[in-house]
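Hi everyone, thanks for coming. I'd like to walk you through a structure that may be new to you, so please have a look at it first.

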Amino acid sequence: MINLLFIIASLAIFIIFYKYPALIGKRLKLLDKNATPLIGGIFLFFGLSINYLYIYFYESSLLENFINFNFISLIFIIALLDDRFNLTPNIRLIACTLIIIFFVYQDNLYIETLKSEFFGFLYFPENFLIKFLFPTFCIFVLIQAYNFTDGINGLANLIGLSWFLYIIIKSPIFFSTYFILGYFLIFFLILNFKN
């Protein structure tokens with residue numbers, strides 16, 4: 001029954017965003033120079049929020065997911081503020097870097113070992129540059145590179161869907177946890193091609 005409620009909520013949000021994108025963009029003052037609504041991130045954030053509500057009801061590892069949700073929420077807020085107020089690149093980069101540093105530290109996303117086909121097994125227990133700064137740098141570069149793909153309709157979404165499918169193939173249990181987000185990615189592709 002609860003699954004059905006989540007699916008109905010997802011469809012309702014999709015229909016609202018499909019029918020009234022210009023109105024939503026105008027009300028939130030999120031229109032670009034060509035009057036195209038910049039509301040795709042909000043739509044995906046709704047999908048992620050509904051998915052995390054689903055995880056709350058069905059998963060026991062809430063704390064780990066909550067930390068990830070907070071990280072994504074803060075990155076989303078920076079992107080939303082940028083769309084709304086056209087932040088300078090320096091402010092975006094500094095804010096994004098601080099958030100990544102905090103969550104790499106908070107979530108213990110350290111790299112202490114590397115296994116390479118050429119170099120074998122490498123252990124870095126005390127090397128600060130590799131243990132802490134390297135994962136921070138990697139996450140930062142991934143976010144910035146993904147941000148560059150956002151200019152062409154559907155490109156960022158197709159890349160996101162391909163990552164999603166790859167993760168599902170590698171770990172099928174992922175789909176049962178994040179199936180609502182998968183629906184929203186497909187719905188978003190429809191909205192994205194509609195501008």
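**Two helix pairs and a few residues**

Let's begin with a crossing: helix H7 and helix H8 cross in a left-handed way. Before I go on, please keep in mind that this is a predicted model.

Where are these two helices in the chain? H7 covers residues 155–170, and H8 covers residues 173–193. They pack at an angle of about 160°, and their axes are 10 Å apart. Because the angle is over 145 degrees, H7 counts as roughly antiparallel to H8.

Which residues make the contact? From H7 come Asn-157, Leu-158, Gly-160, Leu-161, Phe-164, Ile-167 and Ile-168. From H8 come Phe-174, Phe-175, Tyr-178, Gly-182, Leu-185, Ile-186, Phe-188 and Leu-189. Sorted by type, the residues of this contact are 12 nonpolar and 3 polar, with no charged ones.

Now please turn to a second pair, H5 and H6. Helix H5 takes in residues 89–106, and helix H6 takes in residues 128–148. Here the packing angle is about 135°, with the axes 9 Å apart. That angle makes H5 oblique to H6. What is the handedness of the crossing of H5 and H6? This one is right-handed.

On the H5 side, the residues that meet H6 are Leu-93, Cys-96, Thr-97, Ile-100, Ile-101, Val-104 and Tyr-105. On the H6 side, you can pick out Phe-132, Pro-135, Thr-136, Ile-139, Phe-140, Ile-143 and Gln-144. In this contact of H5 with H6, 11 residues are nonpolar, 3 are polar and none is charged.

While we are in H6, let me show you Ile-130, which lies in that helix. Is Ile-130 buried, exposed or partly exposed? With a relative accessible area of 22%, Ile-130 is partly exposed. Leaving aside residues up to four places away in sequence, Ile-130 touches Ile-111, Phe-124 and Pro-135. You met Pro-135 a moment ago, among the H6 residues that meet H5. Ile-130 also has Glu-112 to look at: the two are 18 residues apart along the chain, and their C-alpha atoms are separated by 7.6 Å.

Next, please go back towards the start of the chain, to Ser-10 in helix H1, residues 2–19. Ser-10 has a relative accessible area of 3%, so it counts as buried. What does the side chain of Ser-10 reach? The partner is the backbone oxygen of Phe-6, at 2.8 Å. Not counting residues up to four places away in sequence, Ser-10 touches Ile-50, Ile-180, Phe-184 and Phe-187.

I'll finish with two asparagines in loops. Asn-86 sits in the loop between helix H4, residues 62–85, and H5. Asn-86 has a positive phi of about 55°, although it is not a glycine. Its relative accessible area is 64%, so Asn-86 is exposed.

The other is Asn-108, found in the loop between H5 and strand S1, residues 113–116. Asn-108 is not a glycine either, and has a positive phi of about 55°. Asn-108 is exposed as well, with a relative accessible area of 52%.

To recap the helix pairs: H7 and H8 cross left-handed, while H5 and H6 cross right-handed. Thanks for listening!

How values were computed
Residues numbered from 1 in each chain as written. Predicted model: local features only at pLDDT ≥ 70, side-chain atom pairs only at ≥ 80, totals over all residues. Heavy atoms only, no water. Axes fitted to C-alpha atoms, helices over the stretch in contact; angles between N-to-C directions. Helix = DSSP H or I, 4+ residues; strand = E, 2+ residues; numbered from the N terminus. Parallel < 35°, antiparallel > 145°, perpendicular 65-115°, else oblique. Left-handed = near helix turned anticlockwise from the far one by under 90°. Contact = heavy atoms within 4.5 Å. Nonpolar A, V, L, I, M, F, W, Y, C, P; charged D, E, K, R; others polar. Buried < 20%, exposed > 50% of the residue type's maximum accessible area, 1.4 Å probe, protein only. Polar contact = N/O pair within 3.5 Å; in protein donor to acceptor, adjacent residues only side chain to side chain.
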